[in-house]
Amino acid sequence: MVGSAIVRRLLAGGASRLLLRTRAELDLRSQAEVERWFAEQQPQYVFLAAAKVGGIEANRSQPAQFLRDNLQIQTNVIDSAYRHGTRKLLFLGSSCIYPRLAPQPITEDSLLSGALEPTNEWYAIAKIAGLKMCQAYRREFGFDAISAMPTNLYGPGDNFSLEQSHVLPALIRKCHEARLQRSAAVEVWGSGTPRREFLHVDDLADACIFLMRHYSDAAPLNVGWGEDLSIAELARMVAATVGFEGELRFDPSKPDGTPRKLLDTSRLTQLGWRPSITLEAGLASTYDWFRSHQQSLRQ
Ligand code: GDP
């Protein structure tokens, strides 16, 4: 989802020498493959968007894969990029690197100031290691590696599977199917009270290119929308977008995760970047995308 959005944005800006590989062509978990690819291609600028990602249930049930795959991908790519002369690398982390009970909105200074949210600590530990690796390579080798920490993302190319996905695509799919099947209710996991912030992936892509052009520092930067809403409010918005008029039934046996995750984005704002896609507009266009790509959805 993120890689495709960055490519769309680069192409729209006139970029012509993009080096792209699918997962089938280049397994970033393989050190030998990554090393060979960087030796041959020697990219000048690297956007490291690849990661094993998923929602609360995927994180809970596959801790080993979330830790291992992400450590492998980022270690291989950051090290090979440095050794083969990449001029600059952007590493993408996540807002879940911050402590579960960090003061809100969460500033970059909250990193490592408290215990992590247990439902995604494996993913978070890998992402913390990634941003620390960027800082270490900058300090020891002078490698221009920067890190951005996006809030919860959504948009075209998202994973709409019911077990693996994040909340927003899951609710789009559930409400869509419930409307078609004329079901009376849609199940929403947890209490509905946790609060989340959502950023459209095209806004993130724009921020990534802005940072590649204008930012060069060890400190990670938050990328977010600036406002959050409760899962219950999100569910009502999705239902309205999709046209599902039945009941939203909350299932408290499912985990809530962290109570609130709203990023403080003042550092990025001061640098001169702001997001532009409202949740209303982004939900509508993402639902259109979902309807027109039902045959080719990622699982
Ligand atoms: P998180 O931001 O890391 O907690 O990841 P998610 O996007 O998976 O979940 C966010 C919140 O939405 C949690 O409180 C979930 O329990 C809640 N939620 C409600 N319904 C769903 C659903 O159908 N799928 C997912 N993934 N989360 C849901």
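Which helix gives the largest share of the lining of the second largest cavity? That would be helix H4 (residues 63-83), with three residues; the close-up is in View 5.

A quick note before the views: this is a predicted model, where local features need pLDDT of at least 70, side-chain atom pairs count only at pLDDT 80 or more, and totals for chains, interfaces and linings use all residues. Residues are numbered from 1 along each chain as its sequence is written, and side-chain values use heavy atoms, with hydrogens and water left out.

**View 1. The whole chain, to get your bearings.** The protein chain folds into ten helices and eleven strands (DSSP runs, H or I of at least four residues for helices and E of at least two for strands, numbered from the N terminus). Its C-alpha trace spans about 60 × 40 × 40 Å along the principal axes. The radius of gyration is 19 Å, which agrees with the value near 19 Å for a compact globule because the chain has 299 residues (taken over C-alpha atoms; the globule rule is 2.2 Å times the number of residues to the power 0.38).

**View 2. The ligand and its shell.** There are 17 residues around the ligand, and Ile-56, Lys-174, Arg-196, Pro-255 and Asp-256 come nearest (a residue is near if one of its heavy atoms lies within 4 Å). By class, the shell has eight nonpolar, five polar and four charged residues. Here Ala, Val, Leu, Ile, Met, Phe, Trp, Tyr, Cys and Pro count as nonpolar, Asp, Glu, Lys and Arg as charged, and the others, Gly among them, as polar. Helix H6 (167-180) and strand S5 (185-189) each supply at least two shell residues, and H6 gives the most, with three.

**View 3. Polar contacts to the ligand.** Zoom in on the ligand's oxygen atoms, looking for polar contacts (pairs of N or O atoms within 3.5 Å; within protein, one must be able to donate a hydrogen and the other to accept it, and residues adjacent in sequence count only if both atoms are side-chain atoms). A backbone N or O atom of Asp-256 sits 2.6 Å from a ligand oxygen, and one of Pro-255 sits 2.7 Å from a ligand oxygen. Asn-120 joins in through its side chain, with an N or O atom 3.4 Å from an oxygen of the ligand. Taken alone the ligand exposes 540 Å², and the protein buries 98% of that (Shrake-Rupley areas with a 1.4 Å probe; for residues, only the protein chains shown count as cover).

**View 4. The largest cavity.** On a 1 Å grid over the protein atoms alone, a cavity is a set of points where a 1.4 Å probe fits but cannot get out, and lining residues have an atom within 4 Å of a point. The whole structure has two cavities of 30 Å³ or more, and the largest holds about 70 Å³ of space (points are joined across faces, edges and corners, and a volume is the space filled by probe spheres set on them). Its lining includes Gln-104, Ile-106 and Asn-120, and divides into four nonpolar, four polar and four charged residues.

**View 5. The second largest cavity.** This one has about 30 Å³ of space. Leu-48, Ala-50, Asn-70, Ile-73, Gln-74, Phe-91 and Lys-127 line it: four nonpolar, two polar and one charged.

**View 6. Two backbone spots to check.** The peptide bond from Gln-104 to Pro-105 is cis, with omega near -15 degrees. Pro-105 sits in the loop between strand S2 (88-92) and helix H5 (121-141). Elsewhere, Gln-42 has a positive phi, near 45 degrees, in a residue other than glycine. Gln-42 lies in the loop between helix H2 (31-41) and strand S1 (45-48).

Terms used: 1 Å grid on protein atoms, 1.4 Å probe; cavity = no way out; pocket = protein on both sides within 12 Å on 5 of 7 lines; lining within 4 Å.
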